[in-house]
Amino acid sequence: MTHYTPGTPDGQQPGTPPQLSEVGTAVRPPRPRRTGLKIAVGLIALLTIGGLVFAACSPLLGLAPNRPSASPDEIAPGPKPAATLDGYYGQELSWQPCWNGKECAVAHAPLDWSEPGGDSITLALVRLPAAGGAPLGSLLVNPGGPGASGVETVAQSAEAITSEQVRNSYDIVGWDPRGVGNSSAVSCLTDAEMDEYLFGVSEAQPGSPEWLAEAEASSAEFGEACQENTGPLLGTVDTISTAHDLDMLRAVLGDQKLNYLGFSYGTSIGAQYAEAFPENVGRLVLDGAIDPTSTESETVKFQTEGFENATRAYLASCLKDANCPFEGTVDAGMAEIGELMAQANEEPLIGSDGRAVSSGTLFTAIIYPLYSQQSWPYLNDLFAEVREGKADTALALADGYYGRNADGTYRDNSFEAFMAINCLDYPRDADPERMRAQAEELAELAPTFGSFQGYGGLACANWPYPTVTPNTPVSAEGADPILVVGTTGDPATPYRWAVSLAEQLDSGVLLSFEGEGHTAYRSAGNACVDGAVDAYLLDGTLPADEARC
């Protein structure tokens with residue numbers, strides 16, 4: 001999880017530049033009074049593979065993904081099965097043509113797996129049939145977030161996230177987890193309310209009693225809106241429930257064992273699946289791994305450190321280029337970025353559409369391109385513009401991160417789902433003194449960004465439902481070998497998490513990529529990583545444990 005930057009913008013091919021020219025113009029409105037939750041949330045959303053929006057993405061995605069003419073919400077679900085475990089596991093999917101040679105279907109699942117006789121929900125799926133015939137089975141894919149759409153990822157980017165050999169050998173299947181996108185979905189705010197929530201600026205000093213009160217009230221209001229507009233589903237979008245959905249989908253697709261490719265937050269789904277259904281584990285690839293034992297405060301700590309280090313890596317590369325907006329040393333560049341953050345905190349920049357760029361929004365704009373080394377050049381434009389007191393590039397990058405269109409609408413519910421899932425997955429600790437101590441530790445650990453990343457415990461302090469997912473190790477005793485991939489310079493899912501997850505899993509095998517960016521398979525352009533993952537998926541061949549690429 002994480003201010004977790006929401007698992008995030010979805011749908012575009014790697015390398016597509018953001019449409020910065022689409023930022024609108026408007027007169028400056030009154031400054032909003034409410035603190036945006038993202039300022040109070042320490043978590044950084046896990047942007048998904050390829051930047052597919054938290055992480056929760058991975059090159060930068062454009063701000064207006066190309067939507068297909070036919071969408072899953074036009075696909076009618078098949079007959080509702082008997083409200084029993086056998087009924088749900090035995091249901092038949094009605095696949096219908098959709099999205100450029102792919103097939104769509106809608107499955108039913110119980111709202112609450114402990115009470116299968118109760119209400120039900122629907123889960124949207126898309127499938128790219130194996131091109132080579134006689135497939136090895138289905139390969140289910142989750143791009144991350146939490147909150148990113150697996151349906152749109154496979155529909156639009158199957159060729160980017162899997163190799164030709166894998167597409168020849170498997171039916172590639174994406175699904176929207178419960179609470180997300182085209183499945184039964186979380187709904188909280190209108191577009192205008194989301195703007196105020198994400199981009200609102202408080203007059204109070206961050207960390208002050210007034211600021212804490214505003215942030216807590218904003219958090220409570222957000223949770224209340226989600227409860228009112230979503231209903232009981234809001235309490236069942238936890239990752240363990242999604243893991244149960246995944247096992248049902250495995251059976252409905254006709255697979256004896258689950259073959260799975262999970263990026264970023266998708267590794268949490270895979271890990272919890274392996275723990276709950278070790279006997280059903282087939283070939284699982286967990287790329288950009290999350291540590292199941294990491295607390296909210298630890299997650300914030302290591303992500304903040306990760307983005308601080310990634311920014312230093314960007315500067316080290318930038319300073320070798322004549323077009324770099326910085327001069328001198330990496331330390332000098334970090335100091336200047338810290339000054340820009342502090343200035344935005346004291347007096348937010350105003351974009352041509354009237355929205356304010358506070359330190360929180362500026363931080364979001366900075367970290368978005370850090371998910372992929374290919375996107376670092378966008379930081380040159382950002383810093384050059386912010387230095388001149390301009391805000392449109394920062395707003396365009398932040399909009400890309402949050403899935404906001406140029407007309408002020410939001411493409412999907414990824415941020416709302418992100419918050420809802422994380423609030424059920426992470427234990428809460430909103431003790432003011434403890435958060436204050438953690439904020440001080442962050443400021444020491446990450447001198448540039450740390451002081452802007454504290455008090456994440458407030459985000460879910462007043463959530464309508466309690467935490468569900470245990471903050472405990474997973475072992476998946478008895479499972480077939482599971483491949484865990486970690487990138488040494490990954491800012492969103494720090495490498496240490498991949499090491500930890502591989503050690504926890506009885507059958508975990510760690511593959512390390514020495515490089516920058518979030519996730520590695522098919523996004524880093526590394527033949528060693530791609531070849532090792534393909535060999536495992538195609539014939540079960542594993543790299544040597546702790547192999548490095």
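Where is the place of P146? Select P146 and you land in the loop between strand 4 (137-142) and helix 3 (150-161). Helices here are DSSP runs of H or I with at least four residues, strands are runs of E with at least two, and both are numbered from the N terminus.

Before going further, a word on the model. It is a predicted one, where local features need pLDDT of at least 70, side-chain atom pairs count only at pLDDT 80 or more, and totals for chains, interfaces and linings use all residues. Residues are numbered from 1 along each chain as its sequence is written, and side-chain values use heavy atoms, with hydrogens and water left out.

**Stop 1: the peptide bond before P146.** Add G145 to your selection: the peptide bond from G145 to P146 is cis, with omega near 0°. For background, most peptide bonds are trans.

**Stop 2: the whole chain.** Zoom out to find 17 helices and 12 strands. Of the 549 residues, 63% count as buried (under 20% relative accessible area; exposed is over 50% and partly exposed lies in between, with a 1.4 Å probe and protein chains only). Turn on the surface next: the accessible area comes to about 18,700 Å², and carbon and sulfur atoms hold 48% of it. That area comes from the Shrake-Rupley method with a 1.4 Å probe.

**Stop 3: helix 15.** Select residues 432-445. The 14 residues of helix 15 should span 20 Å at 1.5 Å a residue, and the 20 Å between its end C-alpha atoms agrees with that; the expected span is 1.5 Å times one less than the number of residues. Now colour M435, A439 and L442, the buried residues of helix 15. Looking down the axis of helix 15, you find these buried residues within an arc of 60°, so they line one face of the helix. The arc is taken over the directions from the helix axis to the C-beta atoms. An α-helix has 3.6 residues a turn, so residues three or four places apart point the same way.

What do the buried residues of helix 15 pack against? Show helix 9 (296-318), their packing partner, with contact meaning heavy atoms within 4.5 Å. Then rotate to the other side of helix 15, where E433, E440 and E444 are exposed.

**Stop 4: the loop between helix 15 and strand 10 (482-489).** Select Y455, which sits in this loop. Phi of Y455 is near 65°, a positive value in a residue other than glycine, and Y455 is buried at 11% relative accessible area. Finish at A476, also found between helix 15 and strand 10. A476 is not a glycine, yet its phi is positive at about 50°, and its relative accessibility of 1% counts as buried. Most residues other than glycine have a negative phi.
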